[in-house]
Structure formats: C-alpha cells, structure tokens
Amino acid sequence: MKEFHIKALKKKDLNSLLILLKEFADYEKKCLQTNKKKLNDLFFKNDFGRAFILRENQEIIGYLMFFYTFSSFRGCRGIYIEDIYIKKNFRRKGYGRQIFKFLAELCQKENIQKLTWVCLNENTLGINFYQGLNARHMDELRTYCLEGEDLAKICKL
C-alpha cells in the first residue's frame, strides 16, 4: 500500500529540492535562479518561509513551500502558498487534497484564517482542483512584480 508523507525540509533534502524546483521551473517555462546556499539561507538561516518534502513511501515526489502573511483589513494571519509541486506520474492520487488538509489543520492549530496562492491561467487541472475545494478566484485583484533592474531603478526616483 502506498503511503503519503509530508515532512519538514531537512538540510539533507536540499539537493532533491533543487531537482524538483528545476522540474517545476521547466513546467512553468521559468529560469531557475536559486541554488543550495540560497535555499539554505531562506529556510534554515533566516527562516523566511517553510518547506516540506512530499514522499510516497520513501520516494521524494514533490514539495510544498509557504510563508506567513497577514491581512490588514481583516486583522488576521495568513499563509501564502509559494509552491506546491508533485511529479507528474504521482498526480491524481489524492495527494493534493492531503496537502490542503495538512495546511488547513496547520491553520487551525496556529489560528490562521486565510490561505492564498496563485495559479497559472493554463493550469486547468489545478483550477478545477481548487474550485473543487471551494477556493475563491480573486478576479478583483491583479498580481504585480518588480524585480531585478526594474526594482533597482525605483531607488533612483
């Protein structure tokens, strides 16, 4: 019988995490710009976020990353899911539901009122899954980003 596990990232898992990040970046047609040192600093040195390794039995099959947020208007804490990635041949086994159950239980335990994430428009499998959870598409919002040279230019205003 297959067993699914969600375990906190350990330093020994960083190489495996990098491989999974590369797979996910390729899927999203993005350039992977991180490395083992940056990940170590994010999750072990500076504690900016939390990461978990997903396993089927003992095999690493994916990861979950998130960080804590808050809502000024609602006056509550939140979690922003940065990534959920499950290798293609391990999808559609109910693991996504188990990940969200894990997150919901964590939210209850830590008195967190809100989970937020983004999804690629072409990720119809993900969209259908999230709708099945009764997640609300926040079409009243847009996501913006400043990075690299564009972010540096703002300093000169």
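Start by colouring the charged side chains: the chain has 29 positive and 19 negative ones, and the centres of the two sets lie 3 Å apart. Here Lys and Arg are positive, Asp and Glu negative, with His and the chain ends left uncounted; each charge is placed at NZ of Lys, CZ of Arg, CG of Asp or CD of Glu.

A word on what you are viewing: this is a predicted model, in which local features need pLDDT of at least 70 and side-chain atom pairs count only at pLDDT 80 or more, while totals for chains, interfaces and linings use all residues. Residues are numbered from 1 along each chain as its sequence is written, and side-chain values use heavy atoms, leaving out hydrogens and water.

Now switch to cartoon view. You will find 5 helices and 5 strands, in the order β-α-α-β-β-β-α-β-α-α along the sequence. These are DSSP runs numbered from the N terminus: helices are H or I with at least four residues, strands E with at least two.

Next, select residues 50–56, strand β2, and residues 59–71, strand β3: the two run antiparallel, joined by 7 bridges. Strands count as paired if DSSP finds at least two bridges between them. Click on Arg55 and then on Ile60, its bridge partner in β3. In this hairpin 2 residues lie between the strands, and Asn57 takes a positive phi near 55°.

Keep β3 selected and add residues 76–86, strand β4. This antiparallel pair is joined by 10 bridges, and Phe66 stands opposite Ile81 in β4. The hairpin of β3 and β4 has 4 residues between its strands, with Gly75 in the turn at a positive phi of about 65°.
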